[in-house]
There are 2 protein chains.
Amino acid sequence: MSNYDTDTIDQLAEMFKALSNPNRLRIFLELIDCCPPGTLWQQDGECCAFVGDLTRVLEIVPSTVSHHMKALRQAGLIKMRRRGKQIVCWVDPAAVQALVRFFNR
Amino acid sequence: MSNYDTDTIDQLAEMFKALSNPNRLRIFLELIDCCPPGTLWQQDGECCAFVGDLTRVLEIVPSTVSHHMKALRQAGLIKMRRRGKQIVCWVDPAAVQALVRFFNR
DNA sequence: ATCATAGTTCGACATGTGTCGAACTATCTA
DNA sequence: TAGATAGTTCGACACATGTCGAACTATGAT
């Protein structure tokens, strides 16, 4: 058997599941695109998209976007924080690194 | 909008979906483990597991393993070839490289 | 030829997923 | 305080997924 324990496998599977839906993958890509490593990953969400931006770009109703954001967040791939009326969100670099390590092992 | 076209996104999503089920992820890991790059990836499947091996290790009935193998194969993550009564399978290094590039972009 | 072995395909079925609209909550503004 | 704006939660529903066992197919052995 492989040297991963059940929890690790479940956690990885959850990350992949979060990226397995085209719309969620698009959200993830939007967040990566709007915040290249140099800007985003050092400023803990100071740059980056609002949920409303994603709603417009993807042409999906807000409730569905919210639903997908939740899945991405629970998988640990993105972070969110309220700023006034809006909620700002960004990709968690640690999660991406975990995936890179997985494939590079 | 991100600079990926619809087909690319769908294809990536399918790869992630293939890895989004714990048992399929386990199969993928088994195949990677039994065939480290040096041995496997240069001998096009001369090393590597049989489907029956995976059935035993994962403790899942053959029909379910077969079902999962099909998903991994259709996503382009693994290759299979019949050798006598058995079917040998291995991870496609090109697919893994595509995923590595995706996260490293 | 018959049989055994290794996988696949099929049908069934419980459970999970993706989407929407309606109702709700939190925050700012007038 | 009342209204507007930005998201979330809930309920519904069509559709997809994961799993099994039974029947089938392909190959090798007796």
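Here is a short briefing on how chain A and chain B meet, with a look at A:T55. This is a predicted model, in which local features need pLDDT of at least 70, side-chain atom pairs count only at pLDDT 80 or more, and totals for chains, interfaces and linings use all residues. Residues are numbered from 1 along each chain as its sequence is written, chains are lettered from A in the order in which they are written, and side-chain values use heavy atoms, with hydrogens and water left out.

**The contact between the chains**
- Chain A brings 31 residues and chain B brings 30 residues to the contact (heavy atoms within 4.5 Å).
- Between them, chain A and chain B bury about 2,700 Å², with 71% of it on carbon and sulfur atoms; buried area is the accessible area (1.4 Å probe) that two parts lose on being put together, summed over both.
- Zero salt bridges are counted between chain A and chain B (a side-chain nitrogen of Lys or Arg within 4 Å of a carboxyl oxygen of Asp or Glu).

**The side of chain A that touches chain B**
- On this side, α1 (6-18), α2 (22-34), α4 (51-58) and α6 (93-104) of chain A each supply at least two residues; helices are DSSP runs (H or I, at least four residues), numbered from the N terminus.
- The largest share, eight residues, comes from α2(A).

**A closer look at A:T55**
- A:T55 sits in helix α4 of chain A.
- A:T55 counts as buried because its relative accessibility is 16% (buried means under 20% relative accessible area, 1.4 Å probe, protein chains only).
- Leaving out residues up to four places away in sequence, A:T55 touches A:I60, A:V61, A:P62 and A:V65.

Conventions. Buried < 20%, exposed > 50% of the residue type's maximum accessible area, 1.4 Å probe, protein only.
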